[in-house]
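Welcome! Here is a short tour of a protein chain for someone meeting it for the first time. Take a look at the structure below, and then we will walk through it topic by topic.

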Amino acid sequence: MHGGRSTVTMSTSAALLLILGFCAGAHALKLPSYIKACSRNDPNINDCAKKSATEAIPHFINGDPKYRIPPLEPIIINELSVKKGSNNFGMEFIATNAEMRGLKDTVIREIRLDLKKQHIEYDLLFPEVNITSRYNISGRVLVLPITGDGIAEINLKNVSCVIAYDFVKKLNPELKQEVLIPSKSTLTFNAMAMKIHLSNLFNGDKFLGDNMNHFLNENWQELIREMGPPVGEAINQFVSALLSNVFELVPYDDAFLDV
């Protein structure tokens, strides 16, 4: 999805660590009993990783302090914004203190591992993602001016993401073992439906606000081209931060058994 320039500033809350099946602590820890380690020599390692991660999801919903895993819900986004819209949506939208819910219901459709190339891809489906935040908006939507400052409620249905990571292997001197460190990531993002409600549009004018909200939802496919990229980037930044923290502490030989 492509839209205007977007920025995301995130806090470290909630967890998608369940996607990986790896955990971290102050010192190197063994995998918890509810996560099955996979063999790096397994010809079906992709299936093993998917099965292990899927079975771990229920154990991560409320977090696991021993492994520094906070609860999955909500993820807090300090700022999520569209700074410059497209030709159709020339608007500036800033959401602050946003709470994102729905990632606990992640469906792991596929995990693709290539340890020789040090590349991992996660094909994910979020059946429903809800975002609630303070917002400020100004500019225009198609030919209509828009302004507002209030509460934004955004609902996304069947959000699909493919998150791809490259890794480098290095020695962690504290653990005296090799670990994997994410070097770069890419994300593709799409949603099958979107609903939005912005309170206090046009200084609280109910008639104008109701009509604008109706108009936005009638044109959700255009709108999601602007709103989708920062939401996807929020997910990507969150997972990337967790990967960096986790893989610095989890030995490679514990994550992928040499059997």
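The chain has 4 helices and 9 strands. Please keep in mind that this is a predicted model. We start with the overall layout, move on to the nonpolar cores, then stop at one buried asparagine and finish with the cavities.

**Overall layout**

- Read from the N terminus, the elements follow the order β-β-α-β-β-β-β-β-β-α-α-α-β.
- Of the 259 residues in the chain, 47% are buried.
- Counting contacts between residues at least 6 apart in sequence, 73% link residues at least 24 apart.
- About 12500 Å² of the chain is exposed, and 51% of that area comes from carbon and sulfur atoms.

**Nonpolar cores**

- In soluble globular proteins, nonpolar side chains tend to be buried together.
- Here, the largest nonpolar core contains 62 residues.
- Which residues have the most contacts inside this largest core? They are Phe93, Met100, Leu156, Met194, Leu198 and Phe256.
- Take Met100 as an example: beyond its neighbours within four places in sequence, Met100 touches Pro74, Ile75 and Ile77, then Val129, Asn130 and Ile131, and also Val231, Ala234 and Ile235.
- There is also a second, separate core of 5 residues, with Tyr34, Ile35, Phe60 and Leu72 among them.

**A closer look at Asn155**

- Asn155 sits in strand S7, which covers residues 144-172.
- Is Asn155 buried or exposed? Its relative accessible area is 13%, under the 20% cut-off, so Asn155 counts as buried.
- The side chain of Asn155 makes a polar contact of 2.6 Å with the side chain of Glu128.
- Setting aside neighbours within four places in sequence, Asn155 is in contact with Glu128, Val129 and Asn130, as well as with Ala193, Met194 and Lys195.
- Two of these partners also appear elsewhere in this tour: Val129 and Asn130 are in contact with Met100 too.

**Cavities**

- How many cavities of 30 Å³ or more does the structure hold? There are 3.
- The second largest cavity encloses about 40 Å³ of space.
- Its lining is made up of Met91, Phe93, Ile137, Val141, Ile146, Ile196, Leu198, Leu216, Leu223 and Met227.
- Strand S4 (91-101), strand S6 (119-141), strand S8 (177-198) and helix H3 (220-247) each contribute at least two residues to the lining of this second largest cavity.
- Phe93 and Leu198 link two of our topics: both line the second largest cavity, and both are listed among the residues with the most contacts in the largest nonpolar core.

Technical notes
Residues numbered from 1 in each chain as written. Predicted model: local features only at pLDDT ≥ 70, side-chain atom pairs only at ≥ 80, totals over all residues. Heavy atoms only, no water. Core = buried A, V, L, I, M, F, W, Y, C linked by side-chain atoms within 4.5 Å. Buried < 20%, exposed > 50% of the residue type's maximum accessible area, 1.4 Å probe, protein only. Contact = heavy atoms within 4.5 Å. Areas by Shrake-Rupley, 256 points an atom, 1.4 Å probe, with all protein chains shown as cover. Polar contact = N/O pair within 3.5 Å; in protein donor to acceptor, adjacent residues only side chain to side chain. 1 Å grid on protein atoms, 1.4 Å probe; cavity = no way out; pocket = protein on both sides within 12 Å on 5 of 7 lines; lining within 4 Å. Points joined across faces, edges and corners; volume = space filled by probe spheres on them.
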